[in-house]
Protein chains: 2
Amino acid sequence: MSIEALKSEVARQFGTPAVVIDLDVVERNIARVQALCDAAGIANRPHIKTHKSPVIAGMQREAGARGITCQKLGEAEIMAEGGQEDILIAYNLLGEEKMGRLGKLLSQVTVTVAADNPVVVAGLPHAAAIAGRDLEVVVECDTGRKRAGVETVAEAVALATDIASRPGLSFAGFMLYPPEDATVETQAFLDKATAGIREFGLEPRIVSTGGTPNLRNLGKMRNVTEHRAGTSVFNDRMMLAAGVAGLEDCALTVYATVVSRAGPERGILDSGSKTLTSDTGGGLDGHGLILEHPQARIARFAEEHGFLDLSACNDRPNIGDVVRIVPNHVCVVVNMVDRLVTVRGDRIVGELPVAARGRLI
Amino acid sequence: MSIEALKSEVARQFGTPAVVIDLDVVERNIARVQALCDAAGIANRPHIKTHKSPVIAGMQREAGARGITCQKLGEAEIMAEGGQEDILIAYNLLGEEKMGRLGKLLSQVTVTVAADNPVVVAGLPHAAAIAGRDLEVVVECDTGRKRAGVETVAEAVALATDIASRPGLSFAGFMLYPPEDATVETQAFLDKATAGIREFGLEPRIVSTGGTPNLRNLGKMRNVTEHRAGTSVFNDRMMLAAGVAGLEDCALTVYATVVSRAGPERGILDSGSKTLTSDTGGGLDGHGLILEHPQARIARFAEEHGFLDLSACNDRPNIGDVVRIVPNHVCVVVNMVDRLVTVRGDRIVGELPVAARGRLI
């Protein structure tokens with residue numbers, strides 16, 4: 001089947017917009033990340049926020065991943081149901097509702113959680129008590145991104161000793177998300193924090209780094225034990241812009257139909273912010289890359305309309321054309337749909353449930 | 001129960017982030033829109049894209065709405081299952097997959113569809129043939145928004161006669177979405193288009209206008225028969241900014257927990273772009289209004305993190321605090337969750353499924 005025939009067949013069988021992944025590319029991406037981790041001698045702990053699929057998590061484990069990373073407890077629950085047994089929840093979990101669920105999860109599988117403040121740490125023993133086993137806790141450290149994480153070595157050491165002092169909690173190490181250009185600074189932070197905790201007789205069993213762009217920094221830092229990459233499984237326009245993926249590495253495209261050509265320089269796709277999302281991918285121009293018409297700009301959105309600016313386009317799409325779009329940020333697009341259409345090259349395979357879609361709690 | 005107690009109880013029962021609607025406010029909003037339509041002597045055809053709930057659509061019908069508006073066929077299917085019998089799909093439907101489903105839907109309930117081009121019109125008779133009954137089609141006209149819709153009177157007339165000439169199709173009238181400041185221009189377009197089709201013996205049975213901000217223009221245009229408003233059922237920060245709703249009219253808030261205070265001027269909510277979405281609401285500053293801390297700016301997002309800039313805030317939230325957020329754009333937030341938590345004032349009622357969530361096809 002040609003790509004044109006594939007597009008027609010996907011539209012006929014599933015309708016558009018359709019969120020489509022090429023499993024050949026997915027497998028290649030999984031293998032590449034695993035090989036990078038293997039070469040650096042560190043464990044691979046992919047972040048499942050990108051695919052939200054226990055099936056793909058299983059493919060990652062099968063390829064050699066030590067375990068997985070989740071952002072939300074609800075994601076971890078779905079992954080545990082799907083057979084994952086070693087889960088890092090890279091998030092401050094807080095409150096009675098969360099502790100009850102965390103306790104239940106911990107009684108079923110190996111769970112490590114992150115914390116960046118004493119209020120969160122103080123709540124975690126409740127989950128351990130419910131599970132009747134120790135909960136591993138890593139201290140999240142911020143070395144420049146200004147996201148979550150303690151900002152100083154002193155806070156990191158204090159939080160580590162706090163964790164170690166709590167009944168039911170075990171200090172597991174440090175979780176980092178180094179800015180791509182701050183490997184040296186992050187190493188300095190890690191070394192000082194490690195020296196600091198050793199004064200209290202603690203050792204970091206886990207030192208976890210993260211991010212798809214940081215895959216090219218693997219091996220540059222000492223004493224890192226594992227890496228969390230998410231987006232690399234599918235890639236997107238953000239990864240293209242960062243220079244860490246080529247078009248041939250983009251496993252996911254959104255198939256959309258041109259439903260209107262209201263003016264000569266305008267067109268409308270049947271995919272708006274409820275499909276492609278308003279995520280700018282960190283300030284990219286336009287809302288996605290149309291493979292068939294790279295000069296067409298997805299200029300703005302209504303909820304179910306993508307408004308095309310075709311002024312820079314010589315070859316303009318016609319009403320009824322099906323086009324493939326590489327989205328700005330793939331992780332949020334996957335989260336819009338309950339199922340992904342799966343293909344291999346120009347052949348339809350089937351559908352894959354996004355089992356953890358919308359698991360935001 | 002106080003609001004503080006309500007927040008704690010919602011967090012305990014449902015966890016955060018929780019998307020919460022106050023049914024008292026919803027009912028008031030529904031009644032107000034119906035009263036405005038009644039006063040203007042036009043029919044109310046609310047757009048269900050905002051709530052995606054057959055239950056709330058039922059409340060709107062019960063209050064006096066003639067029928068409903070949907071954007072996607074999948075929404076219309078859910079609404080028909082939920083008992084709605086008069087549905088306008090305000091969208092160009094195209095392709096074999098859509099025509100099959102449209103035909104089935106038309107065999108069950110009264111359906112009107114919009115079209116803005118001859119390619120779409122040419123496909124529609126297939127759906128009518130499947131249903132074995134005529135399909136009503138309105139011509140979508142653009143009078144300044146540069147969205148969907150024909151841009152000229154000549155195109156509108158040509159499309160109306162095209163529809164009227166097709167077996168199984170019935171020309172039903174005009175669908176407009178007038179810019180709020182272009183009532184006069186829209187009236188002129190409508191008058192000319194109506195005169196134009198009369199030369200071919202056609203009459204517009206339906207003249208439909210749309211938009212929540214246009215509720216204040218109801219009655220200003222002649223010969224309008226019905227109005228489509230969506231957002232008014234819940235309202236949001238965009239409607240606050242447009243001056244068409246007050247805080248007391250905002251029925252939906254997102255309950256979020258402060259999970260980190262990584263720096264004195266920073267905080268982190270457990271709600272990021274996978275809950276509140278990156279929709280800027282047409283260029284609003286920040287990603288939502290925090291009722292308890294209106295000076296706190298939701299400055300940026302990760303997928304599951306909302307990053308707070310607290311520099312302008314004297315009264316800063318603590319870790320563990322639950323806050324309520326009026327989102328920028330409520331329609332896209334509802335679409336992120338499978339269920340809404342329902343309250344009345346400071347009392348929890350239960351949960352309401354977002355039955356048409358993610359029905360983008």
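**Exercises on a predicted two-chain model**

The largest nonpolar core holds 227 residues, and Ile89(A), Val137(A), Ile89(B) and Val137(B) touch the most other members. Such a core is a set of buried Ala, Val, Leu, Ile, Met, Phe, Trp, Tyr and Cys residues joined through C-beta atoms within 7 Å. A residue is buried if 20 or more other C-beta atoms lie within 10 Å of its own, exposed if 12 or fewer, and partly exposed in between, with C-beta atoms placed from the backbone.

The model is predicted: local features need pLDDT of at least 70, side-chain atom pairs count only at pLDDT 80 or more, and totals for chains, interfaces and linings use all residues. Residues are numbered from 1 along each chain as its sequence is written, while chains are lettered from A and ligands numbered from 1 in the order in which they are written.

**Exercise 1.** Determine which residues Ile89(A) contacts beyond its neighbours within four places in sequence.

*Solution.* Two residues are in contact if their C-beta atoms, placed from the backbone, lie within 7 Å. With those neighbours set aside, the partners of Ile89(A) are Cys70(A), Leu73(A), Ala76(A), Val111(A), Val113(A) and Ala114(A). As for the chain, 55% of the 361 residues of chain A count as buried.

**Exercise 2.** Describe how the strands of the open sheet in chain B are ordered.

*Solution.* Strands (E, at least two residues) and helices (H or I, at least four) are DSSP runs numbered from the N terminus; two strands pair if DSSP finds at least two bridges between them. The eight strands follow the order E2-E9-E8-E7-E6-E5-E4-E3, with parallel pairing. Strand E2 (43-44) and strand E3 (68-70) of chain B are the edge strands, each pairing on one side only. Within the sheet, three bridges join strand E7 (residues 169-176) to strand E8 (residues 206-210) of chain B. Phe174(B) stands opposite Val207(B) in E8(B).

**Exercise 3.** State how chain A is laid on chain B.

*Solution.* Copies are superposed by least squares on the C-alpha atoms of residues with pLDDT of at least 70 in both. A turn of 180 degrees and a shift of 0.0 Å along the axis lay chain A on chain B with an RMSD of 0.0 Å. The two copies are therefore related as by a two-fold rotation axis. In chain A, Ser278(A) has the C-alpha nearest the axis, 2.6 Å from it.

**Exercise 4.** Find how many residues each chain gives to the contact.

*Solution.* Chain A gives 55 residues and chain B gives 54. Among the elements of chain A that give two or more residues are helix H1 (3-14) and strand E10 (252-260).
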